[in-house]
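Got a minute to go through a structure together? Let's ask why things get the labels they do.

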Amino acid sequence: TVLLDSITVNGYINAGGYKVGGLVGAASGNLTISACVFASGSINCDDDICGGLVGSAGGNSIVISNSEVRALHVESDAEMVGGFIGMCSSTTCKIEDCYSSPTINGSKCVGGLIGQVSVGSCEIIDTRVDANLLDASNPGKNENSNECVGGLVGLSSSLTKIDGCTVFHSSDQQYDQDIIGSPAIDKVGGFVGASYVELYIDNSEVESPVNGKNYIGGFVGIA
């Protein structure tokens with residue numbers, strides 16, 4: 001079990017490989033993050049799975065509460081890039097009372113909180129995302145790149161529950177500019193780009209532009 005409490009990160013992280021995070025690159029056991037902040041900086045990862053707090057979240061349980069990613073910039077050809085977590089594959093994952101303000105451009109599975117929920121179950125509760133830019137327009141390694149962008153989750157392949165959350169856009173940019181997605185991207189949603197299993201959304205709202213080509217939705221691109 002690992003507990004990270006009241007930690008602040010400022011700076012630049014550069015990685016030539018995969019599984020890169022502002023606090024933890026890869027978690028394989030129980031991980032709890034409380035009152036931690038990625039205050040400012042950027043992450044550069046040449047390969048997949050990159051997150052503002054955790055790159056790859058596996059193991060039995062991950063809990064993130066009262067934590068913030070205030071000013072994160074990621075520009076990469078990577079897949080599975082998230083403001084908090086790149087890929088979540090833990091048995092249970094819970095994000096509660098958090099805030100994320102990311103600027104991310106990857107190649108596939110880009111989310112304001114999580115790039116991809118792959119297995120297990122995920123709960124996102126009372127959390128706000130101020131979306132500056134979430135896009136997947138960079139060249140990818142695979143033919144099916146440039147898809148799955150969501151204000152909270154890029155791709156959900158496992159049970160995901162969202163309650164009391166808001167995705168909004170507060171900067172001075174014009175409202176019609178690309179914020180979530182861009183004209184050539186498929187499967188874009190205000191909350192989830194693509195969901196192929198159970199997805200529950202309750203008491204939540206989207207207040208941000210959503211842009212794309214095919215399978216575009218105010219909350220979910222394709223389900």
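Q: What makes glutamate 147 count as buried?
A: A quick caution before the answer: this is a predicted model. Buried means under 20% relative accessible area, and glutamate 147 comes in at 12%, so the label fits.

Q: Why is the contact between lysine 108 and glutamate 147 called a salt bridge?
A: The cut-off is a lysine or arginine side-chain nitrogen within 4 Å of a carboxyl oxygen. Here the closest N and O atoms are 3.7 Å apart, so the pair qualifies.

Q: How do you know that this pair links distant parts of the chain?
A: Lysine 108 sits in strand β15 (residues 108-111) and glutamate 147 in strand β20 (residues 147-150), 39 residues apart.

Q: Is lysine 108 buried or exposed?
A: Buried: its relative accessibility is 15%, and the limit is under 20%.

Q: What makes Lys108, Glu147 and Lys187 one network?
A: Lysine 187 also forms a salt bridge with glutamate 147, with the closest N and O atoms 3.5 Å apart, which is within 4 Å. Those two residues are 40 residues apart, with lysine 187 in strand β24 (residues 186-189) and glutamate 147 in strand β20. Salt bridges that share partners join Lys108, Glu147 and Lys187 into one network. Lysine 187 counts as buried too, at 14% relative accessibility.

Q: What makes glutamate 96 and lysine 94 a salt bridge, and how accessible are they?
A: Their side chains meet at 3.4 Å, N to O, so they pass the 4 Å test. Glutamate 96 has a relative accessible area of 24%, while lysine 94 is at 30%. Partly exposed is the range between under 20% and over 50%, so that is the label for glutamate 96 and for lysine 94.

Q: How many salt bridges does the rule give?
A: The count comes to four.

Q: How many disulfides are there, and why is cysteine 50 not in a bond with cysteine 45?
A: The count is zero. A disulfide needs two cysteine sulfur atoms within 2.5 Å. The closest cysteine sulfur to that of cysteine 50 is in cysteine 45, 3.0 Å away, so it is too far for a bond. Cysteine 50 is buried as well, at 0% relative accessibility.

Q: What about cysteine 165?
A: Cysteine 165 is in no disulfide either: the nearest cysteine sulfur, that of cysteine 98, is 9.6 Å away. With a relative accessible area of 1%, cysteine 165 falls under the 20% limit, so it is buried.

Q: Why are β1 and β26 called edge strands?
A: Start with the sheet: seven strands form an open sheet in the order β1-β5-β9-β13-β17-β22-β26, with parallel pairing. β1 (2-5) and β26 (199-202) each have a single partner strand, so one side of each is left without a neighbour in the sheet. On average, neighbouring strands of this sheet are turned by 5° against each other, direction ignored.

Q: How do you know that β17 and β22 pair?
A: Pairing takes at least two bridges. Strand β17 (residues 121-125) and strand β22 (residues 159-163) run parallel and are joined by five, so they pair. Within that pair, isoleucine 125 stands opposite aspartate 163 in β22.

Q: What makes β2 and β10 partners of β6?
A: Again, the bar is at least two bridges. Strand β2 (residues 8-15) is joined to strand β6 (residues 37-45) by eight bridges, running parallel. Alanine 15 stands opposite cysteine 45 in β6. Five bridges join β6 to strand β10 (residues 68-75), also in parallel, and glycine 41 has leucine 72 in β10 as its bridge partner.

Q: Which strands pair with β21?
A: Strand β16 (residues 114-117) pairs with strand β21 (residues 153-156) in the parallel sense over three bridges. Another three bridges join β21 to strand β25 (residues 192-195), which runs parallel to β21. Leucine 155 stands opposite glutamine 116, and its bridge partner in β25 is alanine 194.

Q: Which residues touch the most other members of the largest nonpolar core?
A: Of its 52 residues, they are Val54, Ile62, Ile64, Phe84, Ile85, Ile114 and Leu152. A second, separate core of eight residues includes Ile49, Met87, Leu155 and Ile222.

Notes: Residues numbered from 1 in each chain as written. Predicted model: local features only at pLDDT ≥ 70, side-chain atom pairs only at ≥ 80, totals over all residues. Heavy atoms only, no water. Buried < 20%, exposed > 50% of the residue type's maximum accessible area, 1.4 Å probe, protein only. Helix = DSSP H or I, 4+ residues; strand = E, 2+ residues; numbered from the N terminus. Core = buried A, V, L, I, M, F, W, Y, C linked by side-chain atoms within 4.5 Å. Axes fitted to C-alpha atoms, helices over the stretch in contact; angles between N-to-C directions.
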